Amino acid sequence: MNKKIFDDFTRREFLNAATGTAIALAVGGLTNTGKGEMEYVLPPLPYPANALEPVISARTISFHYGKHHKAYVDKLNKLIAGTDMADMPLEKIIIATSGKTDKTAIFNNAAQAWNHTFYWQCLKPNGGGEPPAELKQKIEASFGTVEACRNELATAAGSQFGSGWAWLVLDGDKIKAVKTGNADNPMTEGMKPLLTIDVWEHAYYLDYQNRRADYVKGVIDKLINWDFAAENLGK
Ligand SMILES: [Fe+2]
């Protein structure tokens, strides 16, 4: 585990808990139920459900956010209720359960809760275009050009067999495009997530059926929130 990343996430979680809903969106933090218990809440979407049309329809968002993402959060709360993980920051649960065969269900739901909250922030209406200067410089140092970075991210997304995620991560001093299967998150390998694209079929099937490449191209060209990636780089 990369301690710095862990500390960063832990600090963010703490800040979230201290400052309320708007920032809790950043990681999907804990909230007090009022009964002396803590539980994770489904953070609000950062935009209306139809804001990403026509690339991602409101119908897809309604299922993806309202059913799939919600189910991961609800299941996680059930799985950790009454355990020593009940009041742990989400990232700590992910790191603690990664690779533990007796904790697979907790890992899967915790990681999917985190990944989706992160994913929503990686998208925005009228996104795409060029990254902010500092991030652009780092991308050029790592990939040669922004176009090469976009292509490597698209390749990672297209070549993930079955369900999973494509990511831009900071690995040491370099930005890399990587892919993970199912719920896996590169933070468990000591890499810092900057950006992600969900390539589970539930992310695109209603709009694109089997045409994952078209969904990925639409996301990269029109929705990617480079400002959010730049913020993550600076954290
Ligand atoms: Fe998803």
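This briefing describes the metal site, helix packing, backbone features and selected residues of the structure above. The model is a predicted one. The protein has 235 residues, of which 50% count as buried, and its secondary structure comprises ten helices and five strands. Among contacts with a separation of 6 or more, 65% are between residues 24 or more positions apart. An iron ion is held by three histidines and one aspartate, namely H64, H116, H202 and D198.

**Iron site**

- The iron ion is coordinated through the NE2 atoms of H64, H116 and H202 and through an OD atom of D198, at 1.9 to 2.1 Å.
- The four donor atoms make angles of 89 to 128° at the iron ion, and the site is tetrahedral.
- The site counts as tetrahedral because all angles among four donors must lie between 85 and 135 degrees, and the angles here run from 89 to 128°.
- Along the sequence, the donor residues follow the spacing H-x51-H-x81-D-x3-H.
- Two of the donor residues, D198 and H202, are buried.
- Strand 5 covers residues 192-198, and D198, a donor to the iron ion, is therefore the final residue of that strand as its range is given.

**Packing of helix 3 and helix 5**

- Helix 3 spans residues 58-80 and helix 5 spans residues 104-121; the two pack at an angle of about 140°, with their axes 8 Å apart.
- That angle makes helix 3 oblique to helix 5.
- The crossing of these two helices, helix 3 and helix 5, is left-handed.
- On the helix 3 side, the contacting residues are I61, H64, Y65, H69, A71, Y72, V73, K75, L76, L79 and I80.
- On the helix 5 side, the contacting residues are A105, I106, N109, A110, Q112, A113, H116, T117, Y119 and W120.
- The iron donors H64 and H116 are both among the residues at which helix 3 and helix 5 meet.

**Packing of helix 7 and helix 9**

- The axes of helix 7 (residues 146-159) and helix 9 (residues 212-223) come within 10 Å and cross at roughly 145°.
- The crossing of helix 7 and helix 9 is right-handed, whereas that of helix 3 and helix 5 is left-handed.
- Residues R150, L153, A154, A157 and G158 of helix 7 meet R212, V216 and I220 of helix 9.

**Backbone features**

- Most residues other than glycine have a negative phi, and most peptide bonds are trans.
- The peptide bond from E53 to P54 is cis, with omega near 5°.
- P54 is located in the loop that joins strand 2 (38-40) to helix 3.
- N126 is not a glycine, yet has a positive phi of about 55°.
- The loop between helix 5 and helix 6 (133-143) contains N126, and this residue counts as exposed because its relative accessibility is 76%.
- N182 likewise is not a glycine and has a positive phi, of about 50°.
- N182 lies in the loop between strand 4 (174-181) and strand 5 (192-198), and is partly exposed, with a relative accessible area of 45%.

**Selected residues and their surroundings**

- W120 is placed in helix 5 and counts as buried, because its relative accessibility is 3%.
- Leaving aside residues up to four places away in sequence, W120 touches L45, P46, Y47, I61, H64, Y65 and H69.
- One of the residues touched by W120 is H64, which is a donor to the iron ion.
- The C-alpha atoms of W120 and N225 are separated by 9.6 Å, although the two residues are 105 residues apart along the chain.
- Y40 belongs to strand 2 and is buried, with a relative accessible area of 3%.
- Y40 and D74 are 34 residues apart along the chain, and their C-alpha atoms are separated by 8.0 Å.
- E134 lies in helix 6 and, with a relative accessible area of 61%, is exposed.
- E134 and L233 are 99 residues apart along the chain, and their C-alpha atoms are separated by 9.1 Å.

Terms used: Residues numbered from 1 in each chain as written. Predicted model: local features only at pLDDT ≥ 70, side-chain atom pairs only at ≥ 80, totals over all residues. Heavy atoms only, no water. Donors = N, O, S within 2.8 Å, 3.2 Å for Na, K, Ca; no water. Tetrahedral: all angles 85-135°; square planar, octahedral: opposite > 155°, others 65-115°. Buried < 20%, exposed > 50% of the residue type's maximum accessible area, 1.4 Å probe, protein only. Axes fitted to C-alpha atoms, helices over the stretch in contact; angles between N-to-C directions. Helix = DSSP H or I, 4+ residues; strand = E, 2+ residues; numbered from the N terminus. Parallel < 35°, antiparallel > 145°, perpendicular 65-115°, else oblique. Left-handed = near helix turned anticlockwise from the far one by under 90°. Contact = heavy atoms within 4.5 Å.
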